[in-house]
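Please read this report with the sequence and the 3D view side by side, and look up each residue as it is mentioned.

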Amino acid sequence: MIKKDKKDLTDLEYLVTQQDGTEPPFENEYWNHYEKGIYVDKLSGKPLFTSEDKFESDCGWPSFSKAIDDQDIIELVDKSFGMIRTEVRSEDSNSHLGHVFNDGPKDRGGLRYCINSAAIQFIPYDKLEELGYGDVVKLFD
């Protein structure tokens, strides 16, 4: 499994995951990435999202219609910046991931998980077994 220690995070990864920051829109690694595979929590390596649930939302960040398992995502009220939003965090590492909104595709449940690339790591489908993620291959069948 892919894991990182907090001391190994880049400044941006630390800002996003540990200090509830946000990376710039359209200037991040996965906003327009559509290769088949999974996205895991950068710290714990826990699978969080699949490419099957990723969609283009024109927001500038990776957007997903659902998590692999809702129990791996913590939702909290976020009242920062004069707004009321729903923050999403990784249950395993307690890292800030981004926010979830109710403006996603209706045919996929209506949710849009707007996630910072700095909080996740992409694992290509053809590397899942090799990197210890063989149990999620079934999500693509």
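The report below goes through a helix, an annotated cysteine, a pocket, a cavity and some loop residues.

## The model and its annotated span

The structure is a predicted model. The UniProt record, in an unreviewed entry, places the feature "domain: MsrB" at residues 2-125. Within residues 2-125, helix makes up 7% and strand 32%, and the C-alpha atoms at the two ends of this span lie 14 Å apart.

## Helix H1 and its two sides

Helix H1 runs over residues 11-19, and in this helix Glu13, Val16 and Thr17 are buried. Seen down the axis of H1, the buried residues fall within an arc of 80 degrees, so they line one face of the helix. A general rule helps here: an α-helix has 3.6 residues a turn, so residues three or four places apart point the same way. On the other side of H1, by contrast, Asp11 and Gln19 are exposed.

What do the buried residues of H1 pack against? Their partners are strand E6, which covers residues 85-90, and strand E7, which covers residues 96-101.

## Cysteine 114 and histidine 99

The UniProt record, again from an unreviewed entry, places the feature "active site" at Cys114. This cysteine is located in strand E8, residues 112-115. Is cysteine 114 buried or exposed? Its relative accessible area is 10%, and a residue counts as buried when this value is under 20%, so cysteine 114 is buried.

When residues up to four places away in sequence are not counted, cysteine 114 touches Cys59, Trp61, Pro62, Leu97, Gly98, His99 and Phe101. One of these partners, His99, can be followed further. Histidine 99 belongs to strand E7 and is buried as well, with a relative accessible area of 7%. Leaving aside neighbours within four places in sequence, the contacts of histidine 99 are Asp78, Arg85, Thr86, Glu87, Val88, Arg112, Tyr113 and Cys114. The chain also holds residues that are well separated from this histidine: glycine 37 is 62 residues apart from histidine 99 along the chain, and their C-alpha atoms are separated by 21 Å.

## The largest pocket and the largest cavity

General reasoning about empty space comes first: rolling a probe the size of a water molecule over the atoms shows where empty space is left.

The largest pocket has a volume of about 160 Å³. Which residues line the largest pocket? They are Thr22, Trp61, Arg85, Gly98, His99, Phe101, Arg112, Cys114, Ile115 and Asn116, so that both Cys114 and His99 belong to this lining. Strands E7 and E8 each supply at least two residues of the lining. By class, the lining of the pocket divides into four nonpolar, four polar and two charged residues.

The count of cavities of 30 Å³ or more comes to one, and the space in the largest cavity is about 40 Å³. This cavity is lined by Trp31, Tyr34, Lys54, Phe55, Glu56, Ser57, Asp58, Gly60, Trp61, Pro62 and Ser63, and its lining has five nonpolar, three polar and three charged residues.

## Aspartates in the loops

As a general background, most residues other than glycine have a negative phi, and most peptide bonds are trans. Aspartate 20, just after H1, has a positive phi although it is not a glycine, and aspartate 58 likewise has a positive value in a residue other than glycine. The table sets out these two residues.

| Residue | Phi | Loop | Relative accessibility |
|---|---|---|---|
| Aspartate 20 | about 60 degrees | between H1 and strand E1 (37-41) | 42%, partly exposed |
| Aspartate 58 | near 65 degrees | between strand E3 (54-55) and strand E4 (63-64) | 61%, exposed |

Asp58 is also among the residues that line the largest cavity.

A further aspartate, aspartate 103, is found in the loop between E7 and E8, and at 49% relative accessibility it counts as partly exposed. Not counting residues up to four places away in sequence, aspartate 103 touches Gly110 and Arg112. Aspartate 103 and serine 65 are 38 residues apart along the chain, and their C-alpha atoms are separated by 9.8 Å. Arg112, which aspartate 103 touches, is in contact with histidine 99 too and is one of the residues that line the largest pocket.

Conventions
Residues numbered from 1 in each chain as written. Predicted model: local features only at pLDDT ≥ 70, side-chain atom pairs only at ≥ 80, totals over all residues. Heavy atoms only, no water. Buried < 20%, exposed > 50% of the residue type's maximum accessible area, 1.4 Å probe, protein only. Helix = DSSP H or I, 4+ residues; strand = E, 2+ residues; numbered from the N terminus. Arc of directions from axis to C-beta. Contact = heavy atoms within 4.5 Å. UniProt positions renumbered as here; feature names shortened; annotations may be inferred. 1 Å grid on protein atoms, 1.4 Å probe; cavity = no way out; pocket = protein on both sides within 12 Å on 5 of 7 lines; lining within 4 Å. Points joined across faces, edges and corners; volume = space filled by probe spheres on them. Nonpolar A, V, L, I, M, F, W, Y, C, P; charged D, E, K, R; others polar.
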